[in-house]
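User: Could you take a close look at a single part of this structure for me, and then work outwards from there? I'd like to know what sits next to what, with the cut-offs spelled out.

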Amino acid sequence: MKYIMIPMGSYNLHLINEPKFKEINIYIDLKRKVKKEEVTIRNFLSTILLESTNKYLTNRLLAIETEELYGASIGSGISINADVSSLYLSIIYLKEKYTDEFQNENVFKFINEILFNPDIVDKAFKKDNFNRVKEILKENIKTYDEEAMTYAPLRAQELMDENNTFFYRGVGYTEDLNKITPEKLYDYYKDVISNDVVDVFITGDIDHEKLKELSASYLSFNSNKQSNIEFLTPNHLVKEKVLKETKDSNQSWLILGYKTDDLTKFEEEYIMSVYSVILGGGGSSKLFTNVREKHSLCYIISANASAFKKIILIRSGINAKDYDETLKLIKKEVDNMAKGKITKEELSRAKELLIGLTKKEDSNLISIRNQHISKYYYNHNLPEEDIKNFKKVKLSDITEFAKKVHLDLTYLLEGSSE
Amino acid sequence: MNKITIPGIELDLYSKTLNNGLTVYIIPKNDIEDTFVTFTTKYGSVHNDFIPLGKDTMYTVPSGIAHFLEHKMFEQEDGTDPFTIFEQNGAMANANTWFHRTVYLFNTTEKLKDNLNFLLDYVQSPYFTDENVEKEKGIIIQEINMYLDDAIDRFYEASRANAFIKDPIKISVIGTEETVSSITKEDLYLCYNTFYHPSNMFVLVTGNVNPDEVIKIIETNQSNKNYPKAKEIVLKEFLEPDQIDVKKEMIKMDVKIPKISYNFKIRIPEIKELDKDIVIGYISAFFNSKFDATSTFTEKMRSSGIVNKGIDVYSTESNNYMLYTISAETEKYDEFARSVETEMQDLFVGEKEFLRKKKMMLAGVVTTSEDIVGLNYYFLENIAKRGKIKTDIYNDIKEMNYETFKNIINNINFENTNIVILESK
């Protein structure tokens, strides 16, 4: 059997059997509802867990162990989806056939050490580790706006709605960072281990029985707890804002933020992406063809949809002097979408592209894992259904959807050294 | 068609050189639906001085032209856009230019024959006009400005440029606003006709594929096209010295935390019976042991507060040299630089460390083979640099030993270094 979900009491274990891969992935997902005042401490925790442990007292020793595990790659972080914050730990490693017969167990021992045996002294994280991670987070907050290209779309989203959970700054906030102490962090750690809703996904060439045994032995979250969490997306308020900010850079970034409302599930999952591919997803899209190729106004221009956030962002790197012309051309193409000025070829190309991307997922371990996560959390379809549904999308679906797309924010991050 | 099984990753490699000189390599992976195809010319940003096909004297073209040419390949005489055609056939296409090669590629789960024919056709039908050349300049200048804003890119550019004196790898791949503005359609055709001759190119297919079918498709496609007889391309020779061009540079840009790169220019020793890739492997094992996350150096830097995050180690190869870059974000860059110098006063790396790095290299070959894109690029770079494919890498790594490691390291000159510091105004 390819997929099986086993309730383990304090967490759900999802085993996804994919024998064709040489690597295995273990993904541990700890979830709770997002609170703005917790964003920073949660980020802090996800970082400090990979700094060191009681057994691997320095980051160097931790890094050496990953090499001993034949180059295992481990990462952690925070992912906000709807109003839920996921604190995740993910490890990819070569399976036993290419390593040795103890590999699976050694990896589980390693994860157990990281999750359940942090370097704690007197009910607090050790001061030197704490201070070092605090400096890292300070640096991350400080450099958040350093690169115009990555900063502009993030800033635009904040300006679209500061109160929306998924527009919170992933790096955290300085005011909150300064309030965290080694003791408070340890308390928060205990709270997370005891109370977060946990799902573990293991994907690769796995023996269900053996992996279940290893999970039972090494993944020991405390007590019974709520086994599911609901993902809720708030509705949007559209406010038509035009904002400009400056930055010391050679190039300016123009971001248009569109909000959508009252979408059906089909629109969210399929029509929205077909729409944004036609508009600005690739070399033959309307934006690329007209703004870049015909008028040479930019090198990068694209439209990206997020079904979760229910927004579409158009972004373009331009010279500030071309702001008015670029804006006019972009709005014209968005208008063309609403008027249904879309050829049969544009529609079929967009669908082909999305179907191709869906088919491609089968060759990637992490994509396959994410399919099962989406199915379990949000009841999304698996690839076979997705392909059928993309094929069903009609021109009238696109124009109906286009009516629900509203310009909320026009934002220019102007480069002051042009 | 030749067939061999690649050791360590248990995949087969099929290859054949066609009559016009084009070589085709195929590595099937049929447990997935995905196919990745690259069509590469061994021509990149460093090849600006050469004897053009049909001529007999050296000619110089403006820098950035290989990249410019790559952009222009997407222009077709009938006005259709290659991206459009690929997307209609369910494929995603792209291209990229680097120092020693230019790659045209697509990724697809269907219509391989149509996509493959189209890839060969659009790359093999150049169409440059004065008008379309002018238009492209605006776009590329935007691209140049985008990179000028990119701190990491500026940093990497200077780290490399300052280390080399004669080697054209010194110059940025995309050129400058000045050089790009001077490109003409005549220059483009000159470069194209010389470097895009099939004998200077190769196709590499990884993923879901039937080798016999693919060879047949390509042979049929090529048989309809005529090329002048293949001639060896003559490039201007240069002798790169061991010395560094600019020993220290401070770049002032809007960065919140200063960055420093400490660069080691290493002449790659020629050792009998050892492939260049393995010699490089030994030297990389040395630098990784000395400076990566597992090193005592990094631990010292972090515990003393000089560096908070990590230290990056990466390398660039050009002809007889490797440039190893040790980089970090730190306010205390002078201390960092002094610490690197102190660390390099003792070149000792223990056998345990070396063997662990060897383990990592072996594992690396296996993990690379997992992803058809990574697998394709791995061999593509190999062929572009060495002229032929190296399939025995796994077994050669297995043969690596501590004695050879010590001998190589003890005979290397680590004195040729340059520093680049990036900090705010």
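Analyst: **From the core outwards**

Setting aside neighbours within four places in sequence, B:F287 is in contact (heavy atoms within 4.5 Å) with B:F264, B:I266, B:D292, B:V313, B:Y324, B:I326, B:M344 and B:F414. This is a predicted model, in which local features need pLDDT of at least 70 and side-chain atom pairs count only at pLDDT 80 or more, while totals for chains, interfaces and linings use all residues. Residues are numbered from 1 along each chain as its sequence is written, chains are lettered from A and ligands numbered from 1 in the order in which they are written, and side-chain values use heavy atoms, with hydrogens and water left out.

B:F287 belongs to the largest nonpolar core, which has 68 residues; B:F287, B:F264, B:F336, B:F405 and B:F414 are those with the most contacts inside it. A nonpolar core here is a set of buried Ala, Val, Leu, Ile, Met, Phe, Trp, Tyr and Cys residues joined through side-chain atoms within 4.5 Å. Buried means under 20% relative accessible area, exposed means over 50%, and partly exposed is in between (1.4 Å probe, protein chains only). Helix α9 of chain B, residues 276-291, gives this core its largest share, nine residues. Helices (H or I, at least four residues) and strands (E, at least two) are DSSP runs, numbered from the N terminus. Apart from this core lies another, of 52 residues, with A:I28, A:L30, A:V107 and A:I141 among them. As a general point, nonpolar side chains in soluble globular proteins tend to be buried together.

Now for two threonines on one strand. B:T38 sits in strand β4 of chain B, residues 35-41, and B:T41 lies in strand β4 as well. B:T38 is buried at 0% relative accessible area, and B:T41 is likewise buried at 0%. The side chain of B:T38 makes a polar contact with the side chain of B:N376, at 2.7 Å. A polar contact is a pair of N or O atoms within 3.5 Å; within protein, one must be able to donate a hydrogen and the other to accept it, and residues adjacent in sequence count only if both atoms are side-chain atoms. For B:T41, a polar atom of the side chain lies 2.9 Å from the backbone oxygen of B:F195. Beyond four places in sequence, the residues in contact with B:T38 include B:V103, B:Y104, B:F202 and B:L380, while B:T41 touches residues including B:H100, B:R101, B:Y196 and B:M201.

Next come the charged pairs. Over all chains the count is 74 salt bridges, each being a side-chain nitrogen of Lys or Arg within 4 Å of a carboxyl oxygen of Asp or Glu. Within chain B, B:R267 pairs with B:D242, their closest N and O atoms being 3.1 Å apart. B:R267 is in strand β11 and B:D242 in the loop between α8 (211-223) and β10, so this pair ties together parts that are 25 residues apart in sequence. B:R267 is partly exposed at 46%, and B:D242 is partly exposed at 23%. In chain A, salt bridges that share partners join A:R32, A:K35, A:E38, A:R42, A:D191 and A:D196 into one network.

Other pairs cross between chains. A:D145 forms a salt bridge with B:K256, with the closest N and O atoms 2.4 Å apart. A:D145 lies in the loop between α4 (127-142) and α5 (148-160) of chain A, and B:K256 in the loop between β10 (248-252) and β11 (259-267) of chain B, so the pair joins two chains. A:D145 is partly exposed at 25%, as is B:K256 at 28%.

Finally, the interface itself. Here 59 residues of chain B are in contact with 60 residues of chain A. The area buried between the two chains is about 5,600 Å², with carbon and sulfur atoms giving 49%; buried area is the accessible area (1.4 Å probe) that two parts lose on being put together, summed over both. Between chain B and chain A there are 14 salt bridges, and one of these links B:K357 to A:E67 at 2.8 Å between the closest N and O atoms. Elements giving two or more residues to the chain B side include α4 (130-148), α5 (151-161) and α12 (351-368). That side divides into 16 nonpolar, 17 polar and 26 charged residues, where Ala, Val, Leu, Ile, Met, Phe, Trp, Tyr, Cys and Pro count as nonpolar, Asp, Glu, Lys and Arg as charged, and the others, Gly among them, as polar.
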